[in-house]
Amino acid sequence: RQATALTSTIFGEDSLEYAKICLEFAEHLESRHAENGRPEYSFWNRCHGIAEDDLSAESRLHLTRVVHIYEAKYGSHHLDIADAYVALARLSKDKPIEFDAYDDLAEPAQNERFAYLQQASSIYETIAGHDHPDTADIYTK
């Protein structure tokens, strides 16, 4: 917290340096949040099934700042933005999507996690292409 405050004071809240510190701090908070869960919850998402707490809320706040700063500096297509969207998806606390076998025409409700992963995959597809391993990794999440 002190590092983000100092970086904000020195470089300003719209600087890339501040965004990098926020990203590192958000990853740290996500890691601490995941410690409240169990490793068997999910392979790619160690935060799955863990109730919302102050750590996950603060981590999402910093990741949202990172997205806004990078979008202002680089535009909407940058790999760091995609990585932040994947982190936001991991921290999302949506209910699982339920499909009704009797209603084939009904569209499933879009949840926050899916929306973040969709944005990340769009960025990876644009930058790296459909055949890139990182794009394939996004598809598996």
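Three nonpolar side chains sit together on the surface of this predicted model. The patch consists of Leu-6, Ile-10 and Phe-11, and their accessible area adds up to about 340 Å². Take Ile-10 as an example: this residue belongs to helix α1, which covers residues 2–11. Ile-10 counts as exposed because its relative accessible area is 62%, and the cut-off for that label is over 50%.

Now for the aromatic rings. The model has two aromatic pairs. One of them is Tyr-85 with Tyr-116: the ring centres are 6.0 Å apart and the planes meet at 20 degrees, so this pair is stacked. Planes under 30 degrees apart get that label. The two tyrosines come from distant parts of the chain, 31 residues apart, with Tyr-85 in helix α4 (residues 79–91) and Tyr-116 in helix α5 (residues 112–128). Are these tyrosines buried or exposed? Both Tyr-85 and Tyr-116 are buried.

Then there's His-48, which is found in the loop joining α2 (16–34) to α3 (54–74). His-48 has a relative accessible area of 36%, so this histidine is classed as partly exposed. How far is the C-alpha atom of His-48 from that of Ala-34? The separation is 8.3 Å, for two residues that are 14 apart along the chain.

Here are two of these residues side by side:

| Residue | Relative accessible area | Class |
|---|---|---|
| Ile-10 | 62% | exposed |
| His-48 | 36% | partly exposed |

Methods
Residues numbered from 1 in each chain as written. Predicted model: local features only at pLDDT ≥ 70, side-chain atom pairs only at ≥ 80, totals over all residues. Heavy atoms only, no water. Patch = residues over 30% accessible without salt bridge, like charges linked within 9 Å, V, L, I, M, F, W, Y side chains within 5 Å. Areas by Shrake-Rupley, 256 points an atom, 1.4 Å probe, with all protein chains shown as cover. Salt bridge = Lys/Arg side-chain N within 4 Å of Asp/Glu carboxyl O. Helix = DSSP H or I, 4+ residues; strand = E, 2+ residues; numbered from the N terminus. Buried < 20%, exposed > 50% of the residue type's maximum accessible area, 1.4 Å probe, protein only. Phe/Tyr/Trp six-rings, centres within 6.5 Å; stacked < 30°, edge-to-face > 60°.
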